[in-house]
Amino acid sequence: LIQQVVANVNVASSIDMLNFSGRAGNVEFWPYNYSPGNAIGIPGASGGTFDYGDTCDSPNGSFGSMQVHVHGGTGYTGTVFAFNRFNDGAVADLGIGNNPNGQPDWSIASNANAFTVRNLKVFVLPTPPPQVDPYIADKNIQDADGFQLVYALDIPTNPNYRAAKPDYSVDNSQSVSSFSRIAYYLELDNYWIWVSMDKFTNDARQIGVPCLSLQCGNGFSPTLIQQVVA
């Protein structure tokens with residue numbers, strides 16, 4: 001369990017309202033079931049819907065949550081991106097921004113089969129920084145300068161990460177040493193989003209998909225992250 005404050009959430013996206021910097025936010029990463037209660041008191045979050053402030057039901061179930069949200073400052077509030085239900089082989093939940101037609105954080109949307117492109121990349125900003133990943137450079141994301149690719153994943157429609165870790169096409173987690181920031185890039189068909197924040201862990205093995213398999217995370221226990229990022 002990692003629960004701590006981080007700073008400076010920056011977001012760039014093909015969606016106009018999802019472009020801002022220096023915001024407060026929070027991450028919800030775990031392999032278990034969860035409920036709508038606002039466990040850590042995120043300002044403005046509901047206790048009755050699945051949104052940007054939920055409660056992990058550890059160690060029960062295997063639904064899984066990989067969500068990044070913003071809630072500080074003015075303007076957009078809520079989910080930046082969500083990847084849920086990745087342990088049991090059912091159709092996963094995927095979304096960028098808030099879900100306009102269901103639970104705001106895309107829980108139980110079962111919509112992964114609606115997308116042809118489902119790409120997730122995870123980056124860190126090393127010290128000192130190397131050159132940016134060429135694919136991300138093509139998106140002209142200024143905030144991405146100097147970030148190093150750690151994971152790349154083509155997300156399956158029905159992920160089943162209960163017994164084995166995701167089939168990453170790139171996994172540099174063992175070679176990453178010191179870093180100061182973490183970033184995620186999600187592309188769903190014609191829409192994409194980039195979000196970076198100050199690091200919430202020193203272990204690059206814990207920033208990928210927080211699946212139930214012990215092959216994820218640190219190799220000893222599943223990754224469970226629910227904390228405020230700012």
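Hi everyone, let's start with a glycine: Gly219 sits in the loop between E13 and strand E14 (225-229). Strands here, and helices too, are DSSP runs numbered from the N terminus, with at least two residues for a strand (E) and at least four for a helix (H or I).

A word on where this comes from: the model is predicted, so local features need pLDDT of at least 70 and side-chain atom pairs count only at pLDDT 80 or more, while totals for chains, interfaces and linings use all residues. Residues are numbered from 1 along each chain as its sequence is written, and side-chain values use heavy atoms, with hydrogens and water left out.

Back to the loop. Is Gly219 buried, exposed or partly exposed? Gly219 counts as partly exposed, because its relative accessibility is 41%. The cut-offs are under 20% relative accessible area for buried, over 50% for exposed and partly exposed in between, using a 1.4 Å probe and protein chains only. Gly219 also lies 8.6 Å from Arg205, C-alpha to C-alpha, with the two 14 residues apart in sequence.

Now please turn to strand E1. Ser13 belongs to this strand, which covers residues 9-13. Ser13 has a relative accessible area of 8%, so this serine is buried. What does Ser13 touch, leaving aside its neighbours within four places in sequence? Its contacts are Leu18, Asn19, Trp192 and Ile193, where contact means heavy atoms within 4.5 Å.

The rest of E1 fits that picture, as five of its five residues are buried. Val9, Val11 and Ser13 point one way, Asn10 and Ala12 point the other way, and all are buried.

Which strands does E1 pair with? We say two strands pair if DSSP finds at least two bridges between them. One partner is strand E2 (residues 20-23), antiparallel over two bridges. There, Val11 stands opposite Phe20, and six residues lie between E1 and E2 in the hairpin they form. Another partner is strand E13 (residues 191-198), again antiparallel, over four bridges. In E13, Trp194 is the bridge partner of Ala12.

Finally, let's zoom out. The protein has 14 strands and one helix, and 54% of its 230 residues count as buried. Taking contacts between residues at least 6 apart in sequence, 63% join residues at least 24 apart. About 9,200 Å² is exposed, with carbon and sulfur atoms supplying 48% of it; accessible areas come from the Shrake-Rupley method with a 1.4 Å probe, and for residues only the protein chains shown count as cover. Thanks for listening!
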